[in-house]
Amino acid sequence: DTTSCIEMLKIAQQLKNDSLLATAYNWIGSNFGRNQGNNIAALEYYFKAIPLAEKAKDMRRLSSVYFDISGVYFNLQNNEAGLKYARKGWENLPDKSHPLYDFMLAQYQRGVSTYYILTNQPDSALRYSLPMTETSRRAKSLLFEFNSMHLNGAAYAKANEKELADVYFRKALAVLDSIRSTQGILRFGINYIPFLLANNRLADAKVQAVRLLNFGEELGINDLKLAGAGYMRQVFDSLQNRDSAYYYARMEAEFNARIFSQNNINKTQALA
């Protein structure tokens, strides 16, 4: 939480420890981004962490910061920047002998496969999402294995392999209730709900859209609320329920304006 992050920062400042300072800034950024949905503040702290991690030659931390920056840019729908920072994370991975090497490698595989899915290149996406499953198991990370499952599902859906897509999405669904990551749940919804809509599974799509919307309302995270409202609009458009579609369209526009205001875009560019 915020209190723990600030306490770590104070200790790192007192010790004048660059590696610990980088970690503190990384954690504060993650708190703003993942727990509060404040992408701009998250980027500010992530960028503060980079020179400190470089100075300390802490590759595990440096790669982590780059992967976190990549995730923020995907949330901001800047796919090219998302890929750029995922590759920077790859370039700064710790040595293979490092105990967290697979933990970091899985984040690279997640980032690149996300990019290829978002840019409609399913064959390229599968070259990263399929190996990510094994990487995640070596890292003993249920979250990353969950991510690999829905990324595989999305890639197969883009390739029009509906049965394979459904198999992987069902595997992800089986552990969804155990996932506590806001970003993991967001990316799952962004991958799964379009598949449901494309196959006219409107009741299932509505369930998942409501999950995103409610989770976003509960935590106050606009990225989740934007996705949930957008998919609810699409559900009611498909049902030809114009009043409800209009209601969610207005909600979607409101959250879109909050996230992608010109002021926020200017801040993002200045930070980069």
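Me: Is Arg258 buried, partly exposed or exposed?
Reply: Keep in mind that this is a predicted model. Arg258 has a relative accessible area of 40%. Buried would need under 20% and exposed over 50%, so Arg258 comes out as partly exposed.

Me: Which residue forms a salt bridge with Arg258?
Reply: Look inside helix 13, where the partner sits 4 residues apart from Arg258, about one turn of the helix. The closest N and O atoms of the pair are 2.3 Å apart. With 39% relative accessibility, the partner counts as partly exposed. That partner is Glu254.

Me: Which residues are joined into one network by salt bridges that share partners?
Reply: Here the salt bridges have partners in common, and that links four names into one network. They are Asp166, Arg170, Arg201 and Asp204.

Me: How many residues apart in sequence are the parts tied together by Arg138 and Asp102?
Reply: These two form a salt bridge, with the closest N and O atoms 3.0 Å apart. Arg138 lies in helix 7 and Asp102 in helix 6, so the pair ties together separate stretches of the chain. In sequence they are 36 residues apart.

Me: Is Asp102 buried or exposed?
Reply: Its relative accessible area is 18%. The cut-off for buried is under 20%, so Asp102 is buried.

Me: How many of the 17 residues of helix 4 are buried?
Reply: Helix 4 covers residues 59–75 and reaches 24 Å from its first C-alpha to its last. This helix is largely enclosed by the rest of the structure, because most of its residues are buried. The count is 15.

Technical notes. Residues numbered from 1 in each chain as written. Predicted model: local features only at pLDDT ≥ 70, side-chain atom pairs only at ≥ 80, totals over all residues. Heavy atoms only, no water. Helix = DSSP H or I, 4+ residues; strand = E, 2+ residues; numbered from the N terminus. Expected span 1.5 Å × (residues − 1). Buried < 20%, exposed > 50% of the residue type's maximum accessible area, 1.4 Å probe, protein only. Salt bridge = Lys/Arg side-chain N within 4 Å of Asp/Glu carboxyl O.
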